[in-house]
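Hi everyone, thanks for having me. Let's pull the model up on the screen and walk through it together.

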Amino acid sequence: MIENRPWLTFISHSVLILGIIAVALPIWVAIVASTHPAEAFGQGSVPLWFGNYATETWQTVLFSAAGNGVDVPVWKMMFNSLVMAIAIAFGKIAISLISAYAIVFFRFPFRSLCFWLIFMTLMLPVEVRILPTYEVVAKLNLLNSYTGLALPLIASATATFLFRQAFMAMPGELVEAARMDGAGPVRFFFDILLPLTRTNIAALFVILFIYGWNQYLWPLLITTDDAYYTLVMSIKRMVSVADGAIEWNSIMATTILAMLPPVAVVIGMQKMFVKGLVDSEK
Amino acid sequence: MTVTFPHKTLPWLLVAPQLLVTLVFFLWPAGQAIEQAFYQEDAFGLSREFVAFENFIELLQDPYYYNSIGVTLVFSMAVAVSGLSIALVLATMADRIIRGQMVYQTLLIWPYAVAPALAGVLWWILFDPAQGPIALWLEYMGIEWDHFVNGGDAMVLVVIAATWKQISYNFLFFLAGLQAIPRSLIEAAAIDGAGPVRRFWDIVFPLLSPTAFFLLVMNIVYAFFETFGVIDATTAGGPGQSTKILVYKVYEDGFVGLDLGGSAAQSVILMMIVGLMTVVQFRFIERRVQY
């Protein structure tokens, strides 16, 4: 604090509290909406205070069917989302770790070509090559499968860069010492490199888990079977029913459940999250 | 790094998984999109003929395409400007606070984790013309609101939903930028008699400009490519063409309209835009490291 200006401190707190209220407003309405029966919607305002239908809504959504044309319960879609998010996060980290390892600690022909090929993925987000990617996955018979949900998304230029950066910062004496002691490349990777990059991996995992969980367009395209729906994309199917028939209470309950795991990760592992966010933008 | 392992096959085995996924799911489809852009195919995929640049020419004569470019520019500028200014105000306030800063940060950054599609649905219910509390309040104030009918309203809705999610990201980077400004500079200015407002505009704001520029680029990239969910779950590009951003048009023309050549030509143009943005991003990041 440079100088004491009580009124300015007061304004600061007020603005921040206002910001927090504005940011939290949709969540408040969503939670309240999930405690009312479907009939409470469409006439007058959306309720702004709790009703007494919470148990019914949440029980139906979680265990019998999400409703609005989606016949699987939320727990099943939550499982699918979890599989997808974890497979994407682990997959990206694993293949990026080893390819960065190869690029930094070995010399082989076409090394820089490999690096540039990986770099190219940065310029090709799914959104710009939707149709041909769908066709490739269809040809490989991966529609409606966990492999199809995760595999096409696990190439990662960002993660490869990040690990490359971390590896290049390591002193060359480390490798020399390891080799002197008779450690081969595999031993060096597992016993020295991996423990030294542990915090990088953890930070990246948080970001990639959120990325994987929040995938929308890709699962929307390749899953037509309810059994493979992920939670985030199921929202689209739920709001697409005829206007008057939308069951807002179950949509809001599903929405809350769909955002809960990544939000919990951000709040619970805030330090790791911030580190991952800053790292992955470098 | 000068010390390496002498090994011939191992490095290939190590890069193989990444390369394989890249080739099969990224480069191969991208190549197909480029090829497809020069062909015209009937809707059943039975025959196709080489048409050279006709798909591109058609696209550049299509008023809907220009409309989509305009919509994308308005949308991304609105998201970037409102997201950056709100986040800057919040970060400046949070930077002043010593006790409880962490609490404020926690309560402001969680929307980052909410998927764009969910953000869209959450704001939709607040603005639902028949029952949304904000829509009803606007009506009470004499402002008519119906994002299903009025294109401007639809645009405002998707901008709000997309910005809401992005504020946390901007906030974190602004706060880090503010905390990196040396205290001694600000103290010196204070001793010279500069008040908080003067200090902000003459010292803090210029020193923050690299962060702001970086965030501007990131926000535009976000608005261009990561907001598909917001639009798809709420307005689906409508009413009419009023919220059909470029990424949404590629999807709709390809999957719903089955105009494969046209969609592929749009993909190629988008790839060039991403390429350009990546170059800008990297150029800039080099500068940031120096700074």
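Start with B:Ile125. Leaving out residues up to four places away in sequence, B:Ile125 touches A:Val29, A:Ala33, A:Val46, A:Trp248, A:Met252 and B:Gly132. Before I go on, keep in mind that this is a predicted model.

So where does B:Ile125 sit in the wider picture? It's in the largest nonpolar core, which has 159 residues, and B:Ile125 is among those with the most contacts inside that core. A:Ile235, B:Leu118, B:Val121, B:Trp123 and B:Phe171 are on that list as well. As background, nonpolar side chains in soluble globular proteins tend to be buried together.

Now zoom out to the helices. B:Ile125 belongs to helix 5 of chain B, where B:Leu122, B:Trp123 and B:Leu126 join it in meeting helix 1 of chain A. On the chain A side, the partners are A:Pro26, A:Val29, A:Ala30 and A:Ala33. What classes of residue make up this contact? Eight are nonpolar, with no polar and no charged ones.

How do those two helices cross? The axes of helix 1 of chain A and helix 5 of chain B, which covers residues 116–127, come within 9 Å and cross at roughly 80°. Anything from 65 to 115 degrees counts as roughly perpendicular, so that's what we call this pair.

Okay, the whole contact between the chains. Chain A puts in 85 residues and chain B puts in 83. On the chain A side, helix 1, residues 6–33, gives the most, with 13 residues. That side divides into 61 nonpolar, 16 polar and eight charged residues.

Next, each chain by itself. Chain A has 14 helices and zero strands. Chain B has 12 helices and two strands. Where do the strands come in chain B? Reading from the N terminus, you get one helix, then both strands, and then helices for the rest.

What about overall shape? Chain B has a radius of gyration of 24 Å, well over the 19 Å that the globule rule gives for its 291 residues, so chain B is more spread out than a compact globule. The C-alpha trace of chain B spans about 75 × 75 × 30 Å along its principal axes. For chain A, the radius of gyration is 24 Å, where a compact globule of 282 residues would be near 19 Å, and the spans are about 75 × 65 × 30 Å.

Last bit: burial. In chain A, 44% of the residues are buried, and in chain B the figure is 42%.

Definitions and conventions. Residues numbered from 1 in each chain as written. Chains lettered and ligands numbered in written order. Predicted model: local features only at pLDDT ≥ 70, side-chain atom pairs only at ≥ 80, totals over all residues. Contact = placed C-beta atoms within 7 Å. Helix = DSSP H or I, 4+ residues; strand = E, 2+ residues; numbered from the N terminus. Nonpolar A, V, L, I, M, F, W, Y, C, P; charged D, E, K, R; others polar. Rg over C-alpha atoms; globule rule 2.2 N^0.38 Å. Buried ≥ 20, exposed ≤ 12 C-beta atoms within 10 Å, placed from the backbone. Axes fitted to C-alpha atoms, helices over the stretch in contact; angles between N-to-C directions. Parallel < 35°, antiparallel > 145°, perpendicular 65-115°, else oblique. Core = buried A, V, L, I, M, F, W, Y, C linked by C-beta atoms within 7 Å.
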